[in-house]
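Visitor: I am new to this structure. Please take me through the annotated site closely, with the charged pairs and backbone details that go with it.

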Amino acid sequence: METNWSLLLQILFCLALLLGQARPDPDPLQDYCIADNQSPLFINGVPCIDPNKAKPFHFTTSVLSKPASTNTSQSGFNVRAINTVDLPGLNTLGLTMSRIDIAPKGSVPPHSHPRASEVTICLKGQLLVGFVDTSNHIYQQTLRPGDLFVFPKALLHFLYNLDSRVPVLLVSGFSSQKPGTQFASMAAIKSIPDIPDEVLKNAFKITNEDVIRIRRNLGG
């Protein structure tokens with residue numbers, strides 16, 4: 001059979017485009033791009049201010065130094081992520097950080113970050129962390145102050161405070177300016193509009209009553 005070189009070249013070109021789009025955050029084309037958070041433009045990132053207007057305060061923030069209330073979530077945790085409003089100099093650098101406070105016996109439920117890998121360091125307390133790979137194999141570890149753990153990009157993972165008295169404090173770094181977060185339970189049960197009940201019943205082998213009860217427990 002004669003090779004269709006034209007078709008093959010078109011396929012290779014399309015694959016190259018797809019691979020190019022699958023990269024992490026694009027590299028900046030200048031030393032820095034201080035975020036112009038007042039700009040009306042909607043682009044992939046945040047527009048830059050005039051580089052000549054850059055100041056030292058654009059590159060520093062203390063927002064992660066403040067404890068966050070863990071009473072605002074059903075699972076007993078609070079995540080404070082840095083954004084370009086807190087730290088304008090972060091824009092286009094392809095990274096961000098967050099502070100994670102977990103109440104005694106609280107947890108950050110199974111979730112994923114579709115656009116970033118995460119490395120977390122335990123600063124206070126003792127917790128169990130883990131992730132599940134695409135073969136459904138779980139890798140979990142107990143962390144104590146000073147210990148680090150890496151969660152690969154887009155894989156489902158969790159954090160659980162083992163102590164019934166002492167809260168946990170962690171700081172995480174991400175390989176994207178906007179890593180995104182998707183909680184497995186909320187995505188499955190609390191989507192807008194709802195995933196059809198028949199799909200959920202078949203996936204989780206549960207009844208109509210189970211679906212209603214779980215939605216109610218999640219705030220629906």
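Guide: A helix here is a DSSP run of H or I with at least four residues, and helices are numbered from the N terminus. The model is predicted. Helix α3 contains both Glu198 and Lys201, which are 3 residues apart, or about one turn of the helix. Their side chains meet in a salt bridge, at 2.9 Å from N to O. Glu198 is exposed, because its relative accessibility of 55% is over the 50% cut-off. Lys201 counts as buried at 19%, because the limit for that word is under 20%.

Now the annotated site. An unreviewed UniProt entry lists His113 and Glu118 under "binding site". Both residues are part of the lining of the second largest pocket. His113 sits in the loop that runs between β3 (107-112) and β4 (118-124), and Glu118 belongs to strand β4. The two side chains are joined by a polar contact of 3.1 Å.

Both residues of the pair are buried. For His113 the relative accessible area is 5%, and for Glu118 the relative accessibility is 3%. Leaving out residues up to four places away in sequence, His113 touches Glu118, Lys153, Ala154, His157, Phe174, Pro179, Gly180 and Thr181. With its own neighbours within four places set aside, Glu118 is in contact with residues including Ile100, Phe149, Val150, Phe151, Ser172 and Gly173. His157 and Phe174 appear among the contacts of His113, and they also appear among those of Glu118.

One residue touched by His113 is Ala154, and its backbone deserves a look. Ala154 is not a glycine, yet its phi is positive, at about 75°. Ala154 is located in the loop between β7 (148-151) and β8 (156-161), and it is partly exposed, with a relative accessible area of 40%. Thr92 also has a positive phi in a residue other than glycine, near 70°. Thr92 lies in the loop between β1 (77-81) and β2 (96-102) and is partly exposed at 21%.

Lys153, another residue that His113 touches, comes up again with Asp133. Asp133 is buried and has no salt bridge, and Lys153, the nearest side chain of opposite charge, is 17 Å away. Asp133 is in the loop between β5 (127-132) and β6 (138-143). Its side chain does reach the backbone nitrogen of Ser135, at 2.9 Å. Beyond its neighbours within four places in sequence, Asp133 is in contact with Tyr139 and Leu155.

Other charged side chains are paired. The structure holds 6 salt bridges. One of these joins Arg99 to Asp101, with the closest N and O atoms 2.8 Å apart. Arg99 is buried at 8% relative accessibility, and Asp101 is buried at 9%. Arg80 and Asp86 form a salt bridge at 2.9 Å, N to O. In that pair Arg80 is partly exposed, at 29%, whereas Asp86 is buried, at 16%. Asp194, Asp197 and Arg215 are linked in a network of salt bridges.

A last backbone detail is the cis peptide bond between Ile192 and Pro193, where omega is about -10°. Pro193 lies in the loop between α2 (184-189) and α3 (197-204), and α3 is the helix that holds Glu198 and Lys201.

Definitions and conventions
Residues numbered from 1 in each chain as written. Predicted model: local features only at pLDDT ≥ 70, side-chain atom pairs only at ≥ 80, totals over all residues. Heavy atoms only, no water. UniProt positions renumbered as here; feature names shortened; annotations may be inferred. 1 Å grid on protein atoms, 1.4 Å probe; cavity = no way out; pocket = protein on both sides within 12 Å on 5 of 7 lines; lining within 4 Å. Helix = DSSP H or I, 4+ residues; strand = E, 2+ residues; numbered from the N terminus. Buried < 20%, exposed > 50% of the residue type's maximum accessible area, 1.4 Å probe, protein only. Contact = heavy atoms within 4.5 Å. Polar contact = N/O pair within 3.5 Å; in protein donor to acceptor, adjacent residues only side chain to side chain. Lys, Arg positive; Asp, Glu negative; His and termini not counted. Salt bridge = Lys/Arg side-chain N within 4 Å of Asp/Glu carboxyl O.
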